[in-house]
Amino acid sequence: MDKPRIAVYKFSSCAGCQLQFINFESELLDMLGQIHISYFKEATSLVEDPPYDIGFIEGSVTCPHEEKKIKQAREDCKVLVAMGACACEGCINTLKNYRPIEEQVKRVYEHPEYIDTFDKAYGIDHFVDVDAYIHGCPVDRDELREFVVATLMAKKPFLRPHAVCVECKLNENECLLLRENGLCLGSVTRGGCGAVCPSWGRPCFGCRGPNVDANPEALVEIFRKKGYPDDEIRRRFQYFSGETPAFRKGAEACV
Amino acid sequence: MSNVTTKKEVNVFIDYLARCEGETALRLNVDADGEVRHYEVKLFEPPRFFEGFLVGRKWYDAYEVCSRICGICSVPHVISGVEATEKAFDIKPGKQTVMLRKLANLSELNMNCIVRIYILGGPDFLGVNSVMDIAANPATLDVVKMALKLKRLGNDLTDFCTGRETHPVGIDVGRMLKLPDKHKIEPLLERLKEAKEDAWKVAEFVASLKVPAYKRRVPLLAIHREDGYALNYGKIKSTSGFEVTPYKHDEYISHKHVKQSNALFYSIGEGQSFMVGPIARVVLSFDQLSPDAQKMARKYWGGPEWFHENMPFSVYAAHAVEYMHTTDEMISILEKLKAGMDESEIMKEKAIPQKGQGFICTEAPRGLLYYTFKFDENGDVQFADIVTPTAHHVHNLEQDLKHLGPSLVGMSEKDATMQVELVARCYDLCCSCSVHCVTIKK
């Protein structure tokens with residue numbers, strides 16, 4: 001069988017997720033035995049024409065030229081994968097969604113008239129059909145590996161549906177919400193990261209989007225009992241995954 | 001092949017520069033007589049409005065979000081954000097916290113040297129498209145294996161002290177959230193000592209690369225301090241003679257919107273472009289490099305003057321020298337950590353916000369990085385300003401294109417394009433970073 005032809009695209013993002021491919025390092029050479037890189041601007045000058053078997057999309061669509069580009073990518077790739085929080089949920093690009101865009105453009109650029117941007121940012125499935133999602137900011141390398149290997153073997157990858165809390169408990173951490181009154185979203189956020197942030201003492205900020213049975217309204221109630229004002233809780237939900245339906249519910253539950 | 005019989009105009013257009021972080025386009029037009037008619041660097045990375053959307057966010061979001069400015073240099077972004085916040089809140093971090101941050105910065109810079117030499121820049125000089133091609137050649141596979149091994153070590157060190165190699169977790173305002181696992185120190189030290197041997201091979205590899213003859217000397221700017229190789233906490237020093245406390249930077253470094261390009265052009269003096277980053281650090285802080293890094297620089301390249309004289313292509317040699325230096329300095333930090341770590345600094349309470357403004361200037365791998373945060377009494381962001389190394393560089397890269405132009409007359413389009421790419425990649429442009437200089441033509 002021919003090696004599958006892979007394309008890695010960058011949209012509005014920090015390039016940290018595509019970096020995870022390069023961060024495979026020694027495994028990268030093994031991986032290259034099984035796949036063929038056809039398009040990956042950060043890693044190679046080689047550009048081969050489409051079609052591609054699998055397209056990994058990093059980044060959100062935030063401006064008109066990216067909308068055109070994502071629609072073209074959809075046509076060019078048999079399987080389209082949203083890789084990382086920007087492509088999946090919009091990540092920090094969506095932070096601009098909660099303030100008037102004109103005000104923000106003016107704050108940053110001397111000549112706002114040159115700036116061509118959408119008022120709001122979303123994950124790529126706002127514009128095109130997406131075949132698979134690999135969550136996280138950045139994506140977890142173990143999960144990315146699992147995805148690539150399973151796909152090569154034509155198996156369904158095991159991407160974890162449970163909450164970050166589950167993994168945090170497995171790591172035997174003390175609970176940041178209970179111990180430190182942290183604004184931890186671990187109970188409503190999809191796991192798969194190994195609870196890396198709470199394990200290092202940082203409350204979960206929901207970069208992986210909601211888990212399957214998230215109950216954000218209940219968490220809002222808990223935060224209130226801990227003494228947090230509603231506008232602080234709302235901002236917590238309107239953070240890395242604020243445009244997902246579940247986190248929107250959390251934000252809307254705040255007055 | 002070059003057409004030597006009839007000279008014709010040179011038209012270079014690169015719509016999306018490869019092996020560079022983010023999206024850059026370059027355009028250069030030179031007529032048959034060698035007169036440069038048009039030169040332009042365009043970063044078409046879409047704006048993400050960090051300084052816009054940070055306003056109204058909580059202080060603890062600000063530095064966490066700023067990590068996401070750049071995946072490759074997330075460590076200096078987080079540290080700069082944290083330190084600007086500390087300035088605003090009048091918090092002084094403990095000695096060990098500062099040392100662990102330094103370790104994080106060094107590990108990231110160390111990893112970046114390898115990425116630049118072997119993955120982003122190196123393939124150019126071996127006539128191949130990518131590091132994958134270098135690995136595909138059995139004669140050079142071992143070179144790639146060593147590079148990937150060294151890169152993993154840099155990443156493992158960032159992971160060791162911050163919890164994650166991309167977007168570090170454990171760095172917080174006034175404290176580290178967790179101490180590194182002491183059982184990992186000894187194995188990391190062993191690997192670092194092995195890497196020190198490998199560093200000489202890195203230097204040999206860089207010295208063997210056939211770089212183009214093009215060179216152009218311009219002033220260099222970097223943070224400098226007498227008592228160590230500065231990555232933060234120092235003065236901004238320039239080869240043109242000034243040395244100033246960082247918050248006075250705008251008295252010496254100006255920027256303006258230039259019609260011809262629409263980019264923000266950073267200059268010193270009367271519109272003089274300059275360079276920041278590895279060459280600037282090596283030249284300005286040569287005496288602060290570790291003994292072996294100095295020895296390496298002298299053995300292969302003669303000394304600091306060579307780096308200044310042979311810019312921009314001396315950048316790869318500067319990466320090799322910084323690889324040695326960062327390896328040495330990390331060894332000494334790990335030796336200190338091995339002797340014992342102080343638990344009290346991680347037991348500190350979460351920072352208490354206060355109204356105020358903080359400014360900080362640090363060295364990211366690509367050079368000077370400024371952060372300004374202003375908070376109200378609740379710790380909500382009122383103002384944020386971030387100036388990245390790449391923002392400093394656009395002006396000088398355009399000047400390089402202008403100076404390079406005449407030498408391209410008579411070359412084939414392919415060769416001329418390659419020359420422009422090679423020069424541009426010396427700058428290691430980081431477009432995700434350069435929220436300040438997005439240039440979008442109407």
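## A tour of two interfaces

Start between the chains: seven salt bridges link chain B and chain A. Keep in mind that this is a predicted model.

**Stop 1: one salt bridge.** Select Glu25(A) and Lys151(B). Their side chains form a salt bridge. The closest N and O atoms are 2.6 Å apart.

**Stop 2: the polar contacts.** Widen the selection to the polar contacts between chain B and chain A. There are 29 residue pairs here, with both residues at pLDDT 80 or more.

**Stop 3: the elements of chain B.** Colour chain B by secondary structure and look at the side that touches chain A. Helix 1 (50–53), helix 2 (59–66) and helix 4 (95–125) each give two or more residues to this side. So do helix 5 (131–136), helix 6 (141–162) and strand 4 (171–172). Now select helix 6 of chain B alone. Helix 6 provides the largest share of this side, eleven residues.

Next, colour this side of chain B by residue class. Look for 33 nonpolar, 16 polar and 21 charged residues.

**Stop 4: the whole contact.** Select every residue in contact between the two chains. The selection holds 70 residues from chain B and 62 residues from chain A. Show Phe49(B), Arg57(B) and Met132(B) as sticks. These three supply 12% of the area that chain B buries against chain A, more than any other three residues. Over both chains, the buried area is about 5,900 Å². Carbon and sulfur atoms give 58% of that area.

**Stop 5: inside chain A.** Hide chain B. Colour residues 5–152 of chain A as domain 1 and residues 164–252 as domain 2, following the domain assignment. The centres of the two domains, taken over C-alpha atoms, lie 25 Å apart. Their contact takes 15 residues from domain 1 and 14 residues from domain 2.

**Stop 6: the area between the domains.** Domain 1 and domain 2 of chain A bury about 1,200 Å² between them. Of this, 55% is on carbon and sulfur atoms. Select Glu89(A), Tyr98(A) and His135(A). Together they supply 43% of the area that domain 1 buries against domain 2, more than any other three residues.

**Stop 7: polar links between the domains.** How many salt bridges are counted between domain 1 and domain 2 of chain A? The count is one. To view a salt bridge in chain A, select Arg208(A) and Glu143(A), whose side chains meet at 2.7 Å, N to O. Across the domain interface there are also five residue pairs in polar contact, both residues at pLDDT 80 or more. Finish by colouring the side of domain 1 that touches domain 2: eight nonpolar, four polar and three charged residues.

Notes. Residues numbered from 1 in each chain as written. Chains lettered and ligands numbered in written order. Heavy atoms only, no water. Contact = heavy atoms within 4.5 Å. Buried area = accessible area lost by both parts, 1.4 Å probe. Salt bridge = Lys/Arg side-chain N within 4 Å of Asp/Glu carboxyl O. Polar contact = N/O pair within 3.5 Å; in protein donor to acceptor, adjacent residues only side chain to side chain. Helix = DSSP H or I, 4+ residues; strand = E, 2+ residues; numbered from the N terminus. Nonpolar A, V, L, I, M, F, W, Y, C, P; charged D, E, K, R; others polar. Domains from an automatic or database assignment.
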